[in-house]
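Colleague: Could you walk me through this one before I open it properly? I'd like to go over the cysteines and then the sheet.

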Amino acid sequence: ADLTPDRSLIQRLLDAGIGTGMLAAQCRKIRRDVAVTGVDISAHMLEICARRGVADRLCRADIGRDILPFEDGAFDLAAAAGVMENVEDIGHALAE
């Protein structure tokens, strides 16, 4: 089965564990009109993202512990690149 999302349907992206914003920056190259929200546990990483301008909204949270401050269905796509191996509770992160 092809699990590739239809890019034309993605308007709101959650980058969970945004780090320095590499994934968000790549998404912006593909689709400039996508609203990107980045979440990270590190204030320093969020500062880097803010300086780079890779996300429309940034939120400090631990995706492996915290309940994220977003309504169900707030995003068309959630992505996490290079972060899950550092998450304390992967089940919680995926459920969020």
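**Cysteines and sheet**

Modeller: Cys27 is partly exposed, with a relative accessible area of 23%; please keep in mind that this is a predicted model.

Colleague: And Cys59, buried or exposed?

Modeller: Cys59 counts as buried, because its relative accessibility of 12% falls under the 20% cut-off.

Colleague: How many disulfides are there?

Modeller: The count comes to zero disulfides. For Cys27, the nearest cysteine sulfur belongs to Cys49 and is 12 Å away, and for Cys59 the nearest cysteine sulfur is likewise that of Cys49, at 12 Å. Since a disulfide requires two cysteine sulfur atoms within 2.5 Å, neither Cys27 nor Cys59 is in one.

Colleague: Changing topic, what is the strand order in the sheet?

Modeller: The sheet is an open one of four strands, which come in the order β3-β2-β1-β4 with parallel pairing. The twist from one strand to the next averages 20°.

Colleague: Which strands stand at the edges?

Modeller: Those are β3, residues 57-60, and β4, residues 77-79; each has a single partner strand, so one side of each is left without a neighbour in the sheet.

Colleague: How many bridges hold β3 to β2?

Modeller: Strand β2, which covers residues 35-40, pairs with β3 over four bridges in the parallel sense. Within that pairing, Val39 stands opposite Cys59 of β3, the cysteine described above as buried.

Colleague: What about β1, how many of its residues are buried?

Modeller: Four of the five residues of β1 are buried, so the strand is largely enclosed by the rest of the structure. On one pairing, β1 is joined to β2 by five bridges, the two strands running parallel, and Leu13 has Val36 in β2 as its bridge partner. β1 is also joined to β4, again in parallel, by three bridges, with Asp15 opposite Ala79 of β4.

Colleague: And the helices, which strands does α1 lie across?

Modeller: Helix α1, residues 22-30, lies across β1 (12-16), β2 and β4, and runs at about 160° to β1. Together, β1, α1 and β2 make a β-α-β unit that is right-handed.

Colleague: Then where does α2 lie?

Modeller: Helix α2, residues 43-52, lies across β2 and β3, running at about 175° to β3.

Methods
Residues are numbered from 1 along each chain as its sequence is written. This is a predicted model: local features need pLDDT of at least 70, side-chain atom pairs count only at pLDDT 80 or more; totals for chains, interfaces and linings use all residues. Side-chain values use heavy atoms; hydrogens and water are left out. Buried means under 20% relative accessible area, exposed over 50%, partly exposed in between (1.4 Å probe, protein chains only). Two strands pair if DSSP finds at least two bridges between them. Axes are lines fitted to C-alpha atoms, for helices over the stretch in contact, and angles run from 0 to 180 degrees between N-to-C directions. Contact means heavy atoms within 4.5 Å. A crossover is right-handed if, with the strands pointing away from the viewer, the path from the first strand over the helix to the second runs clockwise.
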